Amino acid sequence: MKLTALRLHNVRRFAGTGVRIENIGDGINVLCAANEHGKSTCFDALHALFFQPHTGTPGSVQALRPYSGGNPLVEADLTTADGAFRLTKQFYGGRRAQVRERDSGRLIAQADEAERFISALVKGGISGPAGLLWVRQGVTGIERRAKAEDETERRARETVLTSVQGEVEALTGGRRMTEALAACEEELLRLVTATGRPKTGGPYASAIDESEQLAEQERRLGAEVADLRAALDRRRTIRVRLAEIDTPEMARERQAALAEAEAELSAAKAQAESLKAAESKAALALNRRVSAEQALSGFRQALARFASLRDAEAGAAQERDAARARHQGAAGVVREAATAVESAEREEREQRDLLARLERALRAQEAARRLATARDSEREAQATREQIERMEATLKSLILPAGKIAELEEIDGQLLQLQARAEARAPHLRIDYAAGAEGGISIAGVMLAQAEERPLAGTTQIEIAAIGRLTVTAPQAEEDDRSLARAKAKRKTLLDELQVDSLAAARQREVQARDLKADLDLARRRLQLFAPGGLAALQEQIARLEAEAASADEVPADLDAASRQLGTVEARVGAVREAARAAQARTETSASALVEAERHAAGLSSALAALAESLGPETQWRGREERLAAEHAETNLAWRAAQRQVEELAARRIDLAAAEARQLRLRSVMDAAREEITRLREEAAGLDGRIQTRTETAIEEAWQETRDRLAQAQRRTAVLAREVAILTRLRGALEAARSQARDHYFAPVLQELCPLLGLLFDDASVTFDEDTLLPRSVLRNGLDEQVGVLSGGMREQLAILTRLAFARLLAKGGQPTPVILDDALVYSDDDRIEKMFDALHRQASAQQVIVFSCRQRAFARLGGRVLRMEPWQPEH
Amino acid sequence: MVRFLHSADLHLGKPFGSMPDELRGRLREARHTVLDRLAAQARTAAAETILLAGDVFDTETPSPAVLRQALAAMAGHDGVRWILLPGNHDSLAAEALWAGLATSRPANVVLATEPAPVRLADDVVLLPAPCTTRRPGRDLTEWLDGAATPPGTIRIGFAHGAVQSFSEDGGAGDVIAPDRATRAGLDYLALGDWHGQMRIGPRTWYSGAPEPDRFKHDASGRALLVTIPAAGTEPVVEPIETGSFDWRTLVLDCLAGDEPGAHLAALLPAGPARRQTLLRILATGRTRPPARARLEADIKAIAPEFALLQLEAQELVTECESEDLDQIDHAGALRQAADMLLAESRDDGRSSGEREVAREALMRLFSYCATAS
């Protein structure tokens with residue numbers, strides 16, 4: 001959208017007159033006029049045209065009206081992507097809103113439709129900012145606000161962030177949003193905590209608490225009412241019951257029935273007594289009869305038993321005698337068997353002794369034979385041992401210590417070496433005789449042969465025949481002599497030690513020793529052969545064999561025959577022993593049979609004796625039996641008589657148990673009635689008390705009241721819960737919308753803003769944090785300053801730049817929007833204003849910017865199209 | 001000729017626990033003083049007898065203060081005879097109550113606690129059917145059919161209970177036969193239980209409560225002045241005013257675009273009567289947010305003038321149009337939030353509860369923005 005013209009009539013100071021601004025073009029347009037020329041009036045009128053419905057008269061419309069009254073008329077021409085239009089609005093009298101095609105003048109929309117048309121122009125979609133971007137003198141937002149509020153606002157926007165954010169929010173519903181959110185939050189936090197729980201002490205929590213308390217109270221009172229009603233019902237039941245049982249007639253009736261039953265019971269009891277007496281008499285008679293019967297039959301049985309016992313005793317005695325005879329026979333056999341065993345065993349012993357003696361004689365014979373051999377061996381061994389001892393002594397003298405020969409060899413070698421060396425050093429004498437003079441020279445009497453060489457040592461006297469004696473003294477090589485002497489001495493010592501005269505002798509001795517040693521080994525092996533366990537063992541063996549050979553005192557006889565004899569004797573011993581054992585077993589059986597027979601016989605005898613004792617003399621047996629029979633008959637008669645009497649009494653008997661039961665029943669009925677009456681009276685008294693208490697406290701009334709209150713409290717709780725839900729939902733919606741708007745605009749605007757900032761503050765740059773969108777620092781003159789309080793100038797510049805950034809954003813979105821500035825740069829210095837101009841021009845290349853200003857001089861440098869206000873009268 | 005006052009359902013001692021404290025006291029007091037107003041009306045009409053057809057007391061165990069003060073008030077009106085019938089709230093099951101009344105009643109109080117004729121005058125017999133329990137389960141007036149009286153005697157039936165069953169479980173056992181007056185040859189059947197005054201037949205009436213206690217009947221408290229010229233002639237029945245508080249329900253039918261507040265002002269009672277009025281405004285129909293907000297504000301403003309004033313607006317549908325949303329904001333995040341809530345309130349995919357919450361949230365946002373601008 002672009003504005004091309006603005007006309008107004010009857011607006012504020014233009015009472016009855018009008019003014020117009022035509023030819024507003026692309027890019028920068030400047031309307032510079034001194035104060036009170038109607039600049040701000042134009043601005044306000046334009047604002048009203050776009051944002052105030054023609055039907056209303058809010059403060060901002062009232063402010064357009066001249067003091068003298070009248071109907072303000074505002075008209076603007078504009079072009080959009082759809083064409084060129086003329087908007088007209090008149091307020092108060094003749095209020096109207098019209099949209100016409102500018103060129104044809106054709107009416108496109110009026111009244112509400114026109115308003116909708118205008119709305120569509122200034123609304124960037126449902127969530128976009130207003131289509132016109134405004135900045136007023138010293139104000140950073142477009143809202144109307146109180147002075148005090150402005151102050152608060154200023155303080156609140158002391159950082160770049162809040163400034164920019166404020167701009168964004170101003171265009172995205174910010175301040176009212178904040179207020180609405182704050183109001184919502186405040187109401188909500190009165191009810192619940194930040195986490196959504198009912199707030200302690202708040203109305204919601206109180207209502208919940210009250211509901212709970214009342215519910216508890218209601219429950220308690222309800223229980224009490226139920227209790228009261230139960231008590232009432234119970235008492236009524238008790239009264240009915242008491243009326244039934246607690247009457248004099250009932251009591252009398254119960255008493256009479258009981259008396260009758262008791263009389264019957266005592267009659268029955270008397271009868272029962274006499275029956276009992278008769279019964280015990282009969283029982284006694286029966287007892288007597290039984291004992292008489294027992295006595296009689298006992299006596300008869302004793303007699304029968306006596307007879308049979310006597311027979312048995314006689315039989316037992318015979319049996320016993322037979323057993324005794326059998327036993328004695330068996331004992332005889334045993335004795336004979338024992339004798340036979342004894343003799344057989346004796347014979348066996350003798351035979352054994354004989355056999356042993358024969359064997360001993362045989363062993364002595366053998367020992368004597370081995371003794372001769374052993375003695376021969378001993379002699380040999382003794383001789384060999386002596387030989388060994390001798391050889392060992394010899395060997396000891398012959399043997400040389402190990403290594404001595406080698407030592408001797410070495411010394412001999414050294415000696416020879418020394419002598420050879422001495423000889424080589426000594427001067428040599430040689431004579432080559434002239435012919436004829438041979439043998440003319442001798443030394444110490446020995447003639448020197450032709451061409452003989454002789455070493456000279458020490459002083460040598462050479463006799464030269466026919467000439468004289470020549471003495472030659474050779475210097476002694478002392479060193480050699482001393483070594484030689486030392487070696488000789490050492491050799492001498494060694495030879496002495498070995499007791500030999502030379503190395504050869506030593507070696508010979510060594511050979512002798514080796515031969516002797518071989519012989520010694522042979523001798524030792526021979527000794528081993530004769531006495532394998534050593535000589536002592538051999539001697540011991542000899543001693544033993546001697547003793548053994550000497551022990552035989554019998555002539556060896558036929559050993560086999562003796563052995564066979566012993567076998568026969570042993571067999572006989574076995575046979576007789578077995579016979580003896582069998583006889584023993586038999587005698588044991590017969591002994592026990594004898595004991596049993598004796599015991600049986602004795603038992604019968606004693607039983608017979610005892611029975612005879614109890615029966616008394618046999619002569620009286622008959623008389624006694626007759627007496628007992630008579631007694632039995634008599635007792636039998638007595639018993640029958642008593643029995644008959646019992647039967648007679650029993651036939652007439654009254655049922656005592658029934659009488660007793662009846663009496664008990666009637667008594668219990670009476671007791672129960674009495675008990676029940678007492679109990680019911682007591683219970684009724686208790687209930688009276690309970691009912692009285694409850695009644696006096698008007699419990700039902702209290703219950704009813706509590707129920708009403710509970711219902712009320714629950715309603716209130718529900719209302720508050722709903723309130724919480726509503727506020728929570730509202731807060732959610734507001735926060736969601738706000739954060740969405742921020743996401744939508746804040747970052748993109750910042751992005752647009754940064755290059756503009758660079759343009760304005762070429763000596764400074766503001767850095768924003770990409771993540772938090774917070775300004776980090778201001779870099780100025782190479783100094784990194786913390787972002788702190790900004791000057792008023794900086795703030796207004798930021799406000800303008802923010803709008804320009806917005807405009808860029810909108811233009812990029814295919815929605816070009818004019819930016820309108822009304823004395824927007826009052827705090828800025830000239831230098832800064834120029835930079836702002838640059839920014840504006842840069843912006844204006846794709847953007848319509850309309851600047852209202854009173855700073856004619858300063859803005860002369862801005863350039864751009866200069867707008868003028870001209871008088872105007874509407875056509876109608 | 002006999003003339004008497006017929007009333008019932010005084011419910012003395014009713015607690016009104018759901019009312020604000022100050023009003024509760026006044027309502028209870030009004031129940032007590034209705035005895036005086038009844039007596040005054042009886043005296044004015046030269047009626048000697050006041051029949052109280054049940055539920056004189058609200059509970060079976062009224063507090064001693066309620067009981068004693070009621071008896072004292074009755075005793076205070078010498079020339080008037082009070083005849084009390086046990087109702088369902090104060091049935092004969094409340095032994096203590098009736099025993100207490102029997103011992104401490106003043107001479108001018110008669111207790112109709114037996115289903116037996118009570119002679120009111122030489123030729124006038126009262127035939128009471130006292131409630132034996134809270135729910136007797138049978139028509140207690142049945143005995144009236146066979147109750148013999150000398151010829152020419154004016155027969156007055158006296159009972160408490162419904163003539164029509166509203167229960168769905170077929171428990172119609174304790175419904176009083178609507179034609180009992182005809183069947184039992186009664187000249188008049190004085191009924192209690194229904195709190196609104198109601199004529200069942202020419203000879204059968206519910207007197208209604210003399211002092212109303214709920215919004216249900218939407219009428220002021222009344223009693224009946226009954227004149228029976230002679231046995232067999234139709235009685236003359238005149239309603240008389242006895243109430244002190246008015247319980248009214250006012251249906252406010254709103255139209256979208258209407259100004260319900262103005263509409264309401266015309267319906268409200270005059271200034272001084274408001275103190276004695278409990279008013280329930282039942283808003284129905286449709287409205288727009290500003291009108292709704294104004295209505296609420298109006299009601300809030302005048303509420304203190306009334307004993308009780310409550311707005312029930314569950315039936316009132318508040319509709320939002322985009323111009324209403326313009327009052328919140330033309331665009332921007334605030335408008336977006338409003339649009340979101342509006343869409344949510346119209347979203348059939350959501351539960352009605354959620355829609356309602358969204359609608360209310362929008363109303364709230366509206367009110368914030370209205371106060372902010």
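In chain A, four strands make an open sheet with antiparallel pairing, in the order β11-β10-β13-β14. The model is predicted. Two strands of this chain A sheet sit at its edges: β11 (446-447) and β14 (468-473), each paired on one side only. One pairing can be followed residue by residue. Strand β10(A), residues 441-443, joins β11(A) in the antiparallel sense over two bridges. There, S442(A) has M447(A) in β11(A) as its bridge partner.

Chain A also holds a hairpin. Its arms are β6(A) and β7(A), with five residues between them. In the turn, G105(A) has a positive phi of about 75°. β6(A) covers residues 96-101 and β7(A) residues 107-110; the two pair in the antiparallel sense over three bridges. V99(A) stands opposite A109(A) in β7(A).

Chain B has an open sheet too. Six strands line up as β5-β6-β7-β8-β10-β9 of chain B, and the pairing is mixed. The edges are β5(B), residues 118-121, and β9(B), residues 198-201; each pairs on one side only. On average, neighbouring strands of this chain B sheet are turned by 25° against each other, direction ignored. At one end of the order, β9(B) pairs with β10(B), residues 204-206, in the antiparallel sense over three bridges. Here R199(B) has W205(B) in β10(B) as its bridge partner.

The strand pairs described above compare as follows.

| Strand pair | Sense | Bridges |
|---|---|---|
| β10(A) and β11(A) | antiparallel | two |
| β6(A) and β7(A) | antiparallel | three |
| β9(B) and β10(B) | antiparallel | three |

Strands of a sheet pair through backbone hydrogen bonds, in a parallel or an antiparallel sense.

Next come the salt bridges. How many does a search of the whole structure find over all chains? The total is 78 salt bridges. One of them is within chain A: the side chains of R352(A) and E570(A) meet at 2.5 Å, N to O. R352(A) belongs to helix α8(A), residues 248-398, and E570(A) to helix α13(A), residues 559-615, so this pair ties together parts that lie 218 residues apart in sequence.

The two chains also meet each other. In the interface, 46 residues of chain B are in contact with 46 residues of chain A. The size of an interface is often given as the accessible area lost when the parts come together. Between chain B and chain A, about 3,900 Å² is buried, and carbon and sulfur atoms give 56% of that area. Which residues of chain B lose the most area to chain A? They are T61(B), E95(B) and Y368(B), together 16% of what the chain B side buries.

Charge and polarity play a part in these contacts. Across the interface of chain B and chain A there are 11 salt bridges. The side chains of R722(A) and E360(B) form a salt bridge, at 3.8 Å, N to O. There are also 15 residue pairs in polar contact across the interface of chain B and chain A.

Which elements build the chain B side? Those that give two or more residues to it are α1 (21-44), α2 (64-75), α3 (95-104), α8 (322-328), α9 (332-345) and α10 (352-372) of chain B. The largest share, 10 residues, comes from α9(B). By type, the chain B residues that touch chain A divide into 20 nonpolar, 11 polar and 15 charged.

Methods
Residues are numbered from 1 along each chain as its sequence is written. Chains are lettered from A and ligands numbered from 1 in the order in which they are written. This is a predicted model: local features need pLDDT of at least 70, side-chain atom pairs count only at pLDDT 80 or more; totals for chains, interfaces and linings use all residues. Side-chain values use heavy atoms; hydrogens and water are left out. Contact means heavy atoms within 4.5 Å. Buried area is the accessible area (1.4 Å probe) that two parts lose on being put together, summed over both. A salt bridge is a side-chain nitrogen of Lys or Arg within 4 Å of a carboxyl oxygen of Asp or Glu. A polar contact is a pair of N or O atoms within 3.5 Å; within protein, one must be able to donate a hydrogen and the other to accept it, and residues adjacent in sequence count only if both atoms are side-chain atoms. Ala, Val, Leu, Ile, Met, Phe, Trp, Tyr, Cys and Pro count as nonpolar, Asp, Glu, Lys and Arg as charged, and the others, Gly among them, as polar. Two strands pair if DSSP finds at least two bridges between them. Axes are lines fitted to C-alpha atoms, for helices over the stretch in contact, and angles run from 0 to 180 degrees between N-to-C directions.
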